[in-house]
Amino acid sequence: MKIKAEIMDENAIKRALVRIAHEIIERNKGVEDLVLIGIKTRGVPLAERIAKEIAKIEGKNVPVGELDITLYRDDLSALAEQPIVSKPNLPFDVKGKICVLVDDVLYTGRTVRAAMDAIIRLGRPKAIQLAILIDRGHRELPIKADFVGKNVPTSRAEVISVRVVEVDKENKVFIME
């Protein structure tokens, strides 16, 4: 795969995450009972960045956890014979909380459905909301993000590559072909 276009640089990603932080606060009328849950891998650092922005705005820390949804995916056999599954790293109980799932790209909706299944198995949240850096369309399930950094219409042949410094040593988003 080669880079077709750079669609976000470091500043654009930062602006999008700051806007998402403001939208989360506004929609929930503050941060009471709010937790952020990053979907591994790149959703985790994005959730941590959003939490930092919320702390700057509200002066309150919002708990951040991480979720590996491998066990809950409906395409397990396509991924591997023996998928690697890790326990959720959630330093809080989801019961009665407003859980904001954070991920890098929303595509078919299957990852988000799997994440919701995993959260519900841990307890009954007050609400589950979805924050996405890039929404590229092509949904196979009726899932819509509550907070979107950027909508990027793509063909099914294209791939969105989100790179974050915590994992990839740079902050950029590319369309690959």
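Guide: In this predicted model, contact means heavy atoms within 4.5 Å. By that criterion, residues of α1, including Ile-13, Leu-17, Ile-20, Ala-21 and Ile-24, meet residues of α2, among them Leu-46, Ile-50, Glu-53, Ile-54 and Ile-57.

Visitor: What angle and what distance describe the packing of helix α1 and helix α2?

Guide: Helix α1 spans residues 10–27 and helix α2 spans residues 43–58. They pack at an angle of about 60°, and their axes are 9 Å apart.

Visitor: Why is α1 called oblique to α2?

Guide: Angles under 35 degrees count as roughly parallel, over 145 as roughly antiparallel, and 65 to 115 as roughly perpendicular. The angle here is about 60°. It falls in none of those ranges, and therefore α1 is oblique to α2. The crossing of the two helices, α1 and α2, is right-handed.

Visitor: What makes the charged end of Arg-136 count as sitting over the ring of Tyr-107?

Guide: For Arg, CZ must be within 6 Å of the ring centre and within 35 degrees of the ring normal. The charged end of Arg-136 lies 3.9 Å from the centre of the Tyr-107 ring, and it is assigned as sitting over that ring. As for aromatic pairs, the structure holds zero.

Visitor: Which backbone features occur in the loops beside β2?

Guide: Lys-29, in the loop between α1 and β2, has a positive phi of about 55° although it is not a glycine. Thr-41, in the loop between β2 (34–39) and α2, is joined to Lys-40 by a cis peptide bond with omega of about 15°.

Definitions and conventions:
Residues are numbered from 1 along each chain as its sequence is written. This is a predicted model: local features need pLDDT of at least 70, side-chain atom pairs count only at pLDDT 80 or more; totals for chains, interfaces and linings use all residues. Side-chain values use heavy atoms; hydrogens and water are left out. Rings of Phe, Tyr and Trp (its six-membered ring) pair if their centres lie within 6.5 Å; planes under 30 degrees apart count as stacked, over 60 as edge-to-face and the rest as tilted. Axes are lines fitted to C-alpha atoms, for helices over the stretch in contact, and angles run from 0 to 180 degrees between N-to-C directions. Helices (H or I, at least four residues) and strands (E, at least two) are DSSP runs, numbered from the N terminus. A crossing is left-handed if the near helix is turned anticlockwise from the far one by less than a right angle, and right-handed if clockwise.
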